[in-house]
Amino acid sequence: MTSITQRQFDGPGRVAFRECGRGAPLVLLHGVGMQSAAWAPQIAALSCDHRVLALDLPGHGGSAPLPGRPQLPDYVDWLHGVLEGLGLGPVCLVGHSMGAMIATGYAVTHPRHVRRVALLNGVYQRDPQARRAVIARAAEIRAGAVDLETPLDRWFGQDPDTDTDTETVRAQVRGWLAAMDPKGYADAYGAFAAGDGIYAPKMGEIAAPLLALTGALDPNSTPAMAREMARAAPHGRAVVLDGARHMANLTAPEEVNTALTAWLRDGTAERRRA
């Protein structure tokens, strides 16, 4: 059974997370505007062999926001404080979207604490046009102009014939976005917008086995980005899911879980290319 836990640490403050299973620790980090509940399909599948902890990022779900206007390294420091507070030791680390940025930063800055790292629908060195667009969206959100439907269209598409299951997931994601703490959302989006180039130049320092996974139809976390991340890491592997978009872990859970299971079981350090 999945339990929801809240703990108070000296450094990062109130932290909420879902926990299930026993074994080697596997930590899951969601994206901007989401919460740990977004990992439900992965918790169910991966907790058979691992102690799975899905964290609520600062200002999301039940976790307290960070003070001031935090940047990506502040979220990486927050993660380190949480993992140290939980006494987990080296972990397998999975991040989605902004969570993938945090996971990258953590693997670069705390390599001894990471057994392996998986980056789902991650962003890698946006081109100038994409960077200007995401920074403009971050400024709008900071000013209070929160538009829920535009990100949902990017994440799920605008196809009116979308299947019922995807529409159900979209409604669930919309509910999480609508329930967001305004400061937590603005902080996270600002860090996400400005953070894609901070740790990218150091991807080659990640010695742990790395999985970069995205959907073939994801317009912002593109297949090219996934392949570039995999090539940059010494032991990187890219997986691109046909027909999937940004919320692949929710809309294509079986394919994502299969890829994560293979990544967790792969004991080799062989370099792979998509």
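**Note on the predicted model: backbone, helix packing and aromatic pairs**

1. Gly-157, just after helix H5, takes a positive phi of about 90 degrees. The coordinates discussed throughout this note belong to a predicted model, and the remarks below should be read accordingly.

2. Helix H5 covers residues 149–156, and its buried residues are Pro-151, Leu-152, Arg-154, Trp-155 and Phe-156. What surrounds these positions? The cover over the buried residues of H5 includes helix H4 (128–142), helix H6 (164–178), H7 and helix H9 (248–251). An arginine, Arg-154, is thus listed among the buried residues of this helix.

3. Two further positions deserve attention for their backbone angles. In general, most residues other than glycine have a negative phi. Asn-121 is not a glycine, yet has a positive phi of about 50 degrees. Gln-125, also not a glycine, has a positive phi of about 45 degrees.

4. Where do Asn-121 and Gln-125 lie in the chain? Asn-121 belongs to the loop between strand E6 (114–120) and H4, and Gln-125 is placed in the loop between E6 and H4 as well. H4 is also one of the helices that cover the buried residues of H5.

5. Is Asn-121 buried or exposed? Asn-121 counts as buried because its relative accessibility is 0%, the cut-off for this class being under 20%. Gln-125 has a relative accessible area of 40% and is therefore partly exposed, as that class runs between 20% and 50%.

6. The aromatic pairs in the model come to 2. In one of them, Tyr-185 and Tyr-189 meet edge-to-face, with 6.2 Å from centre to centre and 80 degrees between the planes. These tyrosines are separated by about one helical turn, because they stand 4 residues apart in helix H7 (residues 182–194). Both Tyr-185 and Tyr-189 are buried.

7. Tyr-189 also forms an edge-to-face pair with Phe-192, at 5.8 Å centre to centre and with 70 degrees between the planes. Tyr-189 and Phe-192 are both in helix H7, 3 residues apart, or about one turn of the helix. Phe-192 is buried, as is Tyr-189. Which residues do the ring pairs link into a cluster? The cluster consists of Tyr-185, Tyr-189 and Phe-192. H7, which carries the tyrosine pair, is included in the cover of the buried residues of H5.

8. For the chain as a whole, the secondary structure amounts to 10 helices and 8 strands. The radius of gyration of the protein chain is 17 Å, which agrees with the value near 19 Å that a compact globule of 274 residues would have. Along the principal axes, the C-alpha atoms fill a box of roughly 45 × 40 × 40 Å.

9. Of the 274 residues in the protein chain, 55% are buried. Among contacts with a separation of 6 or more, 75% come from residues 24 or more positions apart. The accessible surface of the chain is about 11600 Å², and carbon and sulfur atoms account for 50% of that surface.

10. On charge, the protein chain holds 27 positive and 28 negative side chains. How far apart do the centres of the two sets lie? Their separation is 6 Å.

Technical notes:
Residues numbered from 1 in each chain as written. Heavy atoms only, no water. Helix = DSSP H or I, 4+ residues; strand = E, 2+ residues; numbered from the N terminus. Rg over C-alpha atoms; globule rule 2.2 N^0.38 Å. Buried < 20%, exposed > 50% of the residue type's maximum accessible area, 1.4 Å probe, protein only. Contact = heavy atoms within 4.5 Å. Areas by Shrake-Rupley, 256 points an atom, 1.4 Å probe, with all protein chains shown as cover. Lys, Arg positive; Asp, Glu negative; His and termini not counted. Charge placed at Lys NZ, Arg CZ, Asp CG, Glu CD. Phe/Tyr/Trp six-rings, centres within 6.5 Å; stacked < 30°, edge-to-face > 60°.
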